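Reader: Hey, I've just opened this one and could use a quick tour. Can you walk me through a few spots?

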Amino acid sequence: MKHLCVALCVGLAAAIPIPITAAAPSPFALVMIDDASAAKYGGFPVDRAVTAQAINKLAAAGVRGVVLKFFYDAPSNTASDVALASAMSKTKVILQARIDDSEAKPNRLPDRFALTVPAGPVAVSGVSAWLPLPVLSNRAHRVGFVDITSPDRVPAFERLGDHSYPSLTVAAISLALGDPALNIEPGKHLQLGGKTISLDAKSQIKLSANAFRGAHDTAYFSFADVVEGKTSLSALSGTVVVIGYHGNQMPTIRTNAGAIKLHLAFWLGLNDVWKQIQ
């Protein structure tokens with residue numbers, strides 16, 4: 001279950017692809033591995049070579065980048081890992097990580113992923129973590145951390161040892177904005193270019209009261225349809241695409257709108273923070 005994001009690591013309606021402009025203005029698009037998609041590829045987790053095929057299709061469609069809501073800290077078969085790494089060279093891909101001090105032999109993150117953050121309060125910190133394989137992190141655009149302390153809070157950053165790293169939400173929004181300068185004043189605010197959002201006393205972003213409402217009306221692109229070219233991807237050009245899992249094996253998180261599967265909760269929180277930072 002490790003690779004199902006079993007911690008509170010926020011990351012439906014029928015798989016109906018909709019243009020990104022059909023919903024509230026957002027630079028993000030959602031692709032889900034639902035049970036039907038997983039069944040086509042031998043169950044979940046799907047082979048990384050298949051995920052590579054999806055990234056190749058999205059890159060060809062002109063997406064701004066891809067956020068992968070999966071942990072790739074352990075190797076699969078070499079050919080699949082190489083295929084995924086190769087696909088990551090075709091568009092900007094953000095990988096996820098999480099703090100886990102019980103991890104005895106963590107992978108190493110490239111120094112370029114670390115942020116310069118002044119000393120100050122932080123909600124999540126540790127000395128070890130689930131970190132992507134070097135063959136993948138070396139090709140990644142960025143790595144974002146996914147730990148949370150409460151369903152209605154998103155850490156702006158986390159600390160691993162002596163280094164600070166953005167949350168996956170902040171990393172995705174930064175990419176959507178074209179990666180402007182990122183400045184964090186712990187316990188006060190976060191600035192991305194000319195946009196600012198307030199942080200609580202533990203350097204977290206508080207989600208809106210209605211962030212999770214309407215969760216079960218969320219539409220998404222079917223992962224299998226993307227891989228097999230069964231849906232037009234023209235509407236995704238210029239967007240940041242989140243690829244997640246929404247099958248029966250996905251744990252839920254309790255929110256003020258009821259139980260919501262983790263990757264869907266991440267998606268809803270991401271869009272809520274995007275609206276706040278505008």
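**A quick tour**

Author: Sure, let's start with a pairing: A29 has V241 as its bridge partner in β15. Keep in mind that this is a predicted model.

Reader: OK, and how do β1 and β15 pair, parallel or antiparallel?

Author: Parallel, over six bridges, with β15 covering residues 240-245.

Reader: Which other strand is joined to β1 by bridges?

Author: That's β14, residues 221-222, which runs parallel to β1 and is joined to it by two bridges. There, V31 of β1 has F221 as its bridge partner.

Reader: Is β1 largely enclosed or open?

Author: Largely enclosed by the rest of the structure, because six of the six residues in β1 (residues 28-33) are buried.

Reader: And which residues sit on each face of β1?

Author: One side has F28, L30 and M32, the other has A29, V31 and I33, and all of them are buried. Both faces are covered, in other words.

Reader: Switching to helices. How do α5 and α7 meet?

Author: Their axes come within 10 Å and cross at roughly 55 degrees. Here α5 is residues 168-176 and α7 is residues 262-277. That angle makes α5 oblique to α7.

Reader: Is that crossing left-handed or right-handed?

Author: Right-handed, as α5 passes α7.

Reader: Which residues make the contact?

Author: From α5 you get L168, T169, A172, I173 and A176. On the α7 side they are F266, L270, V273, W274 and I277.

Reader: How many of those are nonpolar, polar or charged?

Author: Nine are nonpolar, one is polar and none are charged in the contact of α5 with α7.

Reader: Back to strands. What's the order in the open sheet of three strands?

Author: The order is β4-β8-β9, and the pairing is mixed. The edge strands are β4 (125-126) and β9 (163-166), each pairing on one side only.

Reader: How do β8 and β9 run, parallel or antiparallel?

Author: Antiparallel, with four bridges joining β8 (residues 157-160) to β9. For instance, R159 has S164 as its bridge partner in β9.

Reader: Last one: S80. Where is S80 found?

Author: In helix α3, which spans residues 78-87.

Reader: Buried or exposed?

Author: S80 is at 4% relative accessibility, so it counts as buried.

Reader: And what does S80 touch?

Author: D47, R48 and A49, leaving out residues up to four places away in sequence.

Definitions and conventions: Residues numbered from 1 in each chain as written. Predicted model: local features only at pLDDT ≥ 70, side-chain atom pairs only at ≥ 80, totals over all residues. Heavy atoms only, no water. Axes fitted to C-alpha atoms, helices over the stretch in contact; angles between N-to-C directions. Parallel < 35°, antiparallel > 145°, perpendicular 65-115°, else oblique. Left-handed = near helix turned anticlockwise from the far one by under 90°. Contact = heavy atoms within 4.5 Å. Nonpolar A, V, L, I, M, F, W, Y, C, P; charged D, E, K, R; others polar. Buried < 20%, exposed > 50% of the residue type's maximum accessible area, 1.4 Å probe, protein only. Pairing = 2+ DSSP bridges.
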